[in-house]
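Please work through the exercises below with the sequence and the coordinates at hand. Each task is followed by a solution that goes step by step.

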Amino acid sequence: MTENDKNGKHIVSYFSKENSLATEFNLACIMVLPPYQRKGYGQFLINMSYYYSKSEKRVCTPETPLSDLGKISYKSFWTIAILETLLKYKGNLSIKELSEYTGIKTDDIIYTLNELSMIKYWKGQQVIQFINTKQIEEFLNKKKANKVHYIKFNPKYFLDNFENC
């Protein structure tokens, strides 16, 4: 990915997509050059990778182990994606349905919901403990406000022939 300014184009980030449909990984590598970190490029690439995986009707996870910054970036992405989806469906989703709608692997959803204290055990199964809509909206607004740079991935600009890039 490049950033354009008056001096031209500058490489800011890179990712390599896992092309094998036999794996559960959607990204093999993601890197944002240090001067461009904390500008939203990592989140943008993560979002794009999940969008592409969903278009392939795949539920995925990043290749592990994740770096410390990778863990932070993915946890942030998963939190926003999961909470936005819960809001959209007013919390009436199972973990499996949430995984299908977001493209995020169930293990990653359970990890994120545990971190948010939004999962409980009921009759021997893990279920989502939905917090009221207003609390989730306030949490999302606060989370997005804390991001100095937030680049929203817009699927309408997504390339139809991504493989040919």
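The exercises go from the overall fold to helix packing, the nonpolar core and two single residues, and they concern a predicted model.

**Exercise 1. State how many helices and strands the protein has, and give the pattern in which they follow one another along the sequence.**

Solution. Counting the elements gives 5 helices and 6 strands. Reading along the sequence, one then finds the pattern β-β-β-β-α-α-α-α-β-β-α. To complete the overview, 38% of the 165 residues count as buried, and, among the contacts with a separation of 6 or more, 62% are between residues 24 or more positions apart.

**Exercise 2. Determine which residues of helix α4 are buried, and which elements are included in what covers them.**

Solution. Helix α4 spans residues 106-115, and its buried residues are D108, I109, I110, T112 and L113. The next step is to look at what lies over these residues: the cover includes the helices α1 (41-55), α2 (68-88) and α3 (95-102), together with the strands β5 (119-122) and β6 (125-128). Finally, following the chain beyond α4 leads to S117, whose phi is positive, near 55 degrees.

**Exercise 3. Classify the packing of α2 against α4 from the angle between them, and name the residues that make the contact.**

Solution. The two helices pack at an angle of about 85 degrees, and their axes are 10 Å apart. Because angles of 65 to 115 degrees count as roughly perpendicular, α2 is roughly perpendicular to α4. On the side of α2 the contact is made by K75, W78, T79, I82 and L86, and on the side of α4 by D108, I109, Y111, T112, L113 and E115. Sorted by class, these residues comprise 6 nonpolar, 2 polar and 3 charged ones.

**Exercise 4. Carry out the analysis for α3 with α4, and add the handedness of the crossing.**

Solution. Here the angle is about 110 degrees and the axes are 9 Å apart, so α3 and α4 are roughly perpendicular to each other. The handedness is a separate step, and the crossing turns out to be right-handed. In this contact I95, K96, L98, S99 and T102 of α3 meet T106, I109, I110 and L113 of α4, and the residues divide into 5 nonpolar, 3 polar and 1 charged.

**Exercise 5. Decide how α1 is oriented relative to α2, and describe the make-up of their contact.**

Solution. The axes of α1 and α2 come within 10 Å and cross at roughly 60 degrees. This value falls outside the ranges for roughly parallel, roughly perpendicular and roughly antiparallel, so α1 is oblique to α2. The crossing in which α1 passes α2 is right-handed. Q43, I46, N47 and Y50 of α1 make the contact with S73, Y74, S76, F77 and W78 of α2, and by class there are 5 nonpolar and 4 polar residues, with no charged residue.

**Exercise 6. Find which residues have the most contacts inside the largest nonpolar core, and which helix gives the most to this core.**

Solution. The largest nonpolar core has 29 residues, and those with the most contacts inside it are I82, L86, L98, I104 and L113. Tracing the helices, one finds that α1, α2, α3, α4 and α5 (133-146) each supply at least two residues of this core, while α2 gives the most, with 9 residues. As a background to this step, nonpolar side chains in soluble globular proteins tend to be buried together. One can then examine L113, which touches I82, L86, I95, L98, M118, I119 and I128 when residues up to four places away in sequence are not counted.

**Exercise 7. Establish why S16 and C60 count as buried, and which residues each of them touches.**

Solution. The cut-off for buried is under 20% relative accessible area. S16, which lies in strand β3 (residues 13-17), has a relative accessibility of 18% and therefore counts as buried. Leaving out residues up to four places away in sequence, S16 touches L27, A28 and C29.

C60 is placed in the loop between α1 and α2, and it counts as buried because its relative accessibility is 0%. With residues up to four places away in sequence again left out, C60 touches E24, F25, N26, Y50, S53, G103, I104, K105 and D108. For one of these partners, Y50, the separation from C60 is 10 residues in sequence and 7.5 Å in space, C-alpha to C-alpha.

Terms used:
Residues numbered from 1 in each chain as written. Predicted model: local features only at pLDDT ≥ 70, side-chain atom pairs only at ≥ 80, totals over all residues. Heavy atoms only, no water. Buried < 20%, exposed > 50% of the residue type's maximum accessible area, 1.4 Å probe, protein only. Helix = DSSP H or I, 4+ residues; strand = E, 2+ residues; numbered from the N terminus. Contact = heavy atoms within 4.5 Å. Core = buried A, V, L, I, M, F, W, Y, C linked by side-chain atoms within 4.5 Å. Axes fitted to C-alpha atoms, helices over the stretch in contact; angles between N-to-C directions. Parallel < 35°, antiparallel > 145°, perpendicular 65-115°, else oblique. Nonpolar A, V, L, I, M, F, W, Y, C, P; charged D, E, K, R; others polar. Left-handed = near helix turned anticlockwise from the far one by under 90°.
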